[in-house]
Amino acid sequence: MRTSFVQQGVLKVKRILSCFCVAVALTAFCQVSTASAQQASAGNIAVIDIPVIFKNHALFKKQMDELKASVDAAEQALTQDRDQMKKMVEELQGYKAGTPEYKALEEKMAKVQADLQVKVGLQKKEFMEREARVYFNTYNQVTQTVSTFAQRHNITLVLRYNSNEIDPTNRQSVLEGVNRPVIYQNQIDITYDILNILNNGVQRSATVPGSQVPQPRF
């Protein structure tokens with residue numbers, strides 16, 4: 001009788017230990033499954049074609065057109081200054097070298113030419129700084145938009161790539177192609193999704209294809 005009781009006690013302990021082991025195993029499995037799911041969901045990688053972004057970015061194109069108009073206006077004004085210099089040269093030829101009139105006009109021409117060179121230098125610097133600011137502000141806007149978009153769609157890495165075909169007859173094109181960071185991508189391209197956001201509310205002429213946003217993997 002006592003032996004039977006002891007055997008039952010042993011069996012009960014074995015069942016408890018067995019249940020405990022199963023519980024531990026299930027807990028470990030859940031932890032592994034959760035870790036695997038997190039790793040899988042953290043594996044979304046996308047690409048973006050920055051040249052396409054700049055080419056079709058409506059605000060960027062507008063600002064660059066405005067800059068070009070300013071450059072054209074400055075060139076027009078420069079042409080007028082050059083015409084004035086040409087007239088002064090023709091006038092100088094009408095005076096005899098060494099005369100007071102000749103010297104006075106010669107000094108005036110030297111001053112006008114020096115002022116013109118300073119003016120051209122300052123304008124060139126201004127236009128280059130304006131262009132740099134446009135590119136900088138646009139790129140900052142793009143990166144911030146990509147960051148927000150990536151967080152929203154559970155994308156952990158966005159790589160820059162270029163979708164242009166490499167021209168084997170063009171050395172520069174080949175070198176750029178060889179140096180591209182992305183060799184292969186499986187259509188996980190968020191270029192036009194970002195363009196849609198950037199151009200939202202801004203009139204644009206570019207045709208934007210549909211979304212190619214990678215779906216989060218859980």
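**Strands, a loop and a helical stretch**

Reader: In what sense do strand 1 and strand 2 pair, and over how many bridges?
Author: In this predicted model, strand 1 and strand 2 are paired with each other, and Ile-45 stands opposite Leu-157 of strand 2. The sense of the pairing is parallel, and the number of bridges is five.

Reader: Is strand 1 largely enclosed or not, and how many of its residues are buried?
Author: Strand 1 covers residues 45-49, and a residue counts as buried when its relative accessible area is under 20%. Strand 1 is largely enclosed by the rest of the structure, because the number of its five residues that are buried is four.

Reader: Where does Asn-154 lie, and what value is its phi near?
Author: Asn-154 belongs to the loop that runs between helix 4 (100-152) and strand 2 (157-161), and with 27% relative accessibility it counts as partly exposed. Most residues other than glycine have a negative phi. Asn-154, although not a glycine, has a positive phi, near 60°.

Reader: How far apart in space are Tyr-192 and Ile-53, C-alpha to C-alpha?
Author: Tyr-192 sits in helix 6 (residues 191-198) and is partly exposed, its relative accessible area being 26%. In sequence, Tyr-192 and Ile-53 are separated by 139 residues, whereas in space the distance from C-alpha to C-alpha is 7.9 Å.

Reader: What percentage of the chain is helix over residues 57-91?
Author: An unreviewed UniProt entry places the feature "coiled-coil region" at residues 57-91. In the model, the end C-alpha atoms of this stretch are 51 Å apart, its strand content is 0%, and its helix content is 97%.

Key:
Residues are numbered from 1 along each chain as its sequence is written. This is a predicted model: local features need pLDDT of at least 70, side-chain atom pairs count only at pLDDT 80 or more; totals for chains, interfaces and linings use all residues. Side-chain values use heavy atoms; hydrogens and water are left out. Helices (H or I, at least four residues) and strands (E, at least two) are DSSP runs, numbered from the N terminus. Buried means under 20% relative accessible area, exposed over 50%, partly exposed in between (1.4 Å probe, protein chains only). Two strands pair if DSSP finds at least two bridges between them. UniProt positions are given in the numbering used here, feature names are shortened, and annotations may be inferred rather than shown by experiment.
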